[in-house]
Amino acid sequence: MTARKPERSAAAFIPATRTLPALREAAKHCTGCDLYERATQTVFGEGTAHARVMLVGEQPGDQEDLAGHPFVGPAGRMLDKALAEVGIARDQVYVTNAVKHFKWEPQGKRRKHKRPSAAEIAACRPWLDAEVDLVRPAILVCLGVTAAQSVVNRTVRLNEARGRFMVTPYARDTFVTIHPSAIYRYPERAQQEAEYLRFVEDLRLVKRKLDGLPTRR
């Protein structure tokens, strides 16, 4: 099912000057959905504008919201470890999220992550559109079902899409895997280790595909 066009969106905040720094600055003032009201700040994508691989997650977490940078918490460290293991340099990729503000609900003294709605994902999509248009990645990796839903603009079943490449408007080679934070949700250490190894094997497929592509001029 394709998401309906939201009544409000980030589209009104996209600057006329299309550069990553200009987008990042403009995104600081985005009120395209209500998530900005409770977030500390916008967490925009980061990385080289010439990245051949773009990694798209769901949304910033608690630590990302406070720091203002994507993938700097436990999930980010897990991602860094997996990328290093397969030989993809973190400084050669572009990392971002489908939603740029942290959605949460109180759980005691903690701020518990809450999944963004389809309307919130759609409202934030103009930022992702603009990032992809500038970076033009050879491979786009969706980390989790929310990222995949944003990229393909319809409902996605992770167990059906995971581990294979598909063609999307964003990239000829679009790949779906889990979000690294999902690894921590397994209760047993052995389960976490097994899922991490599977995640590494997914990224190894990305590296193999990347190595087979012509070098960007």
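Colleague: Which elements are included in what covers the buried residues of α1?

Modeller: Happy to help; this is a predicted model, where local features need pLDDT of at least 70, side-chain atom pairs count only at pLDDT 80 or more, and totals for chains, interfaces and linings use all residues. Residues are numbered from 1 along each chain as its sequence is written, and side-chain values use heavy atoms, leaving out hydrogens and water. Helices (H or I, at least four residues) and strands (E, at least two) are DSSP runs, numbered from the N terminus. With contact meaning heavy atoms within 4.5 Å, the cover of the buried residues of α1 includes β1 (46–47), β3 (93–97) and α4 (118–135).

Colleague: Within what arc do the buried residues of α1 fall, seen down its axis?

Modeller: In α1 (residues 20–27), L20, L23, A26 and A27 are buried, that is, under 20% relative accessible area (exposed is over 50%, partly exposed in between; 1.4 Å probe, protein chains only). The arc is taken from the directions from the helix axis to the C-beta atoms. These residues line one face of the helix, because they fall within an arc of 130°.

Colleague: Which residue caps the N-terminal end of α1?

Modeller: Look for a side-chain oxygen 3.1 Å from the backbone nitrogen of A22. The residue that carries this oxygen is T19.

Colleague: Is F71 buried or exposed?

Modeller: F71 sits in the loop between α2 (62–67) and α3 (74–86). Its phi is positive, near 55°, in a residue other than glycine. Because its relative accessibility is 5%, F71 counts as buried.

How values were computed. Polar contact = N/O pair within 3.5 Å; in protein donor to acceptor, adjacent residues only side chain to side chain.
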